[in-house]
Amino acid sequence: MVYSKKILIVTMLLVLVFNIVGPVQVSHAAALDSVINTLAASTVSSTASGAGGSDVFSKLFSLLFDKILGPILNIFSGGKAATTLPENPVKVTPLPADEGTTGIVDSGVLRGKVVVVDPGHGGSNPGAVANSTRETDNNLAVSLKLRDKLTKAGAKVIMTRESDRTVAPEGSSLGQELAARVDIAEANNADIFVSVHSNSNPDPSLYGTMTFYPSGKSSKLALEVQNSIIKETGAVDKGTSSATFYVLRNTSMPSILVEMGFVTNASEARKLQEDNYRNKIAQGIFNGVVKYFNN
């Protein structure tokens, strides 16, 4: 039914065209050609420059079917809308891949390594106390984060304490307390010993991070850890130094004592209580340990 109506309309239009064009003399072709060129300039192209009257019919039929009947009846597209591709398509450039952060890559160097982590003080010995913070709490919080990072990397981590308590039995002397920490490292044949502390000083203006290593022994581990902490935290770099602390001079493996910051400095004391800052310190120590074993 639809196609019969289309054929009828086409026939009627053809009769109309022949009635109009039939009497036209060739002498009038130029004028008619000009009119049709104006009407169909966007879609009709001439294939012969001197076509004369025959070119008129070609253009007229093109105009009739392309411009009038085609859009109305949609008879040359199979019922589907025509699609025209742009001459200059937009070029889409994909975004670069996210490279992520640049951190220490765990190459498996810590697998099987025995690391003793020693949170300084604890229990009846809170260490330095100032600006509403206790050294023992800071030491333990960072040490536990460090433990988790080392364990995830495959290291065997031995903690001298995992809660707020002394290592030696309560009531023991300071010498016995320190000896108990060293004994844990020696009994487990530790590859390295890391003692974590917070600093204090009568001068409240002092602040910064420093790392100690045993006198007369290599500073390599201390240097790697100190540099990595500073890189992670942005803390003031107070450098590395040799020292004769009990836990350093009595351990046979490479050992360090990290002073994370001064609880006696109000600004640094606040940072040491922040979970995010504690994590940065732990990450710095971890990075330094990885670098040490990588080298």
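**View 1. Asp118 and Arg181, a buried pair.** Asp118 is buried, and Arg181 is buried too (buried means under 20% relative accessible area, exposed over 50%, and partly exposed in between, using a 1.4 Å probe and protein chains only). This is a predicted model, where local features need pLDDT of at least 70, side-chain atom pairs count only at pLDDT 80 or more, and totals for chains, interfaces and linings use all residues. Residues are numbered from 1 along each chain as its sequence is written, and side-chain values use heavy atoms, with hydrogens and water left out. Asp118 and Arg181 form a salt bridge, with 2.6 Å between the closest N and O atoms (a salt bridge is a side-chain nitrogen of Lys or Arg within 4 Å of a carboxyl oxygen of Asp or Glu). The pair ties together distant parts of the chain: Asp118 sits in strand 1 (residues 114–119) and Arg181 in helix 5 (residues 174–187), 63 residues apart. Helices (H or I, at least four residues) and strands (E, at least two) are DSSP runs, numbered from the N terminus.

**View 2. Arg181 and its partner Glu177.** Stay with Arg181, and you'll find its side chain meeting that of Glu177 in a salt bridge, 2.6 Å from N to O. Both residues belong to helix 5 and are 4 residues apart, about one turn of the helix. Glu177 is buried, just as Arg181 is. Put the pieces together and you get a salt-bridge network linking Asp118, Glu177 and Arg181.

**View 3. Arg134 with Asp137.** Here's another of the 7 salt bridges in the structure: Arg134 pairs with Asp137, and their closest N and O atoms are 3.0 Å apart. Arg134 is partly exposed, with a relative accessible area of 29%. Asp137 is partly exposed as well, at 33%.

**View 4. Helix 4 against helix 9.** Helix 4 (residues 135–152) packs on helix 9 (residues 275–294) at an angle of about 50°, their axes 9 Å apart. Axes are lines fitted to C-alpha atoms, for helices over the stretch in contact, and angles run from 0 to 180 degrees between N-to-C directions. That angle makes helix 4 oblique to helix 9 (under 35 degrees counts as roughly parallel, over 145 as roughly antiparallel, 65 to 115 as roughly perpendicular, and the rest as oblique). Where the two helices touch (contact means heavy atoms within 4.5 Å), the helix 4 residues include Asp137, Ala141 and Leu146, while Arg278, Ile281 and Phe286 are among those from helix 9.
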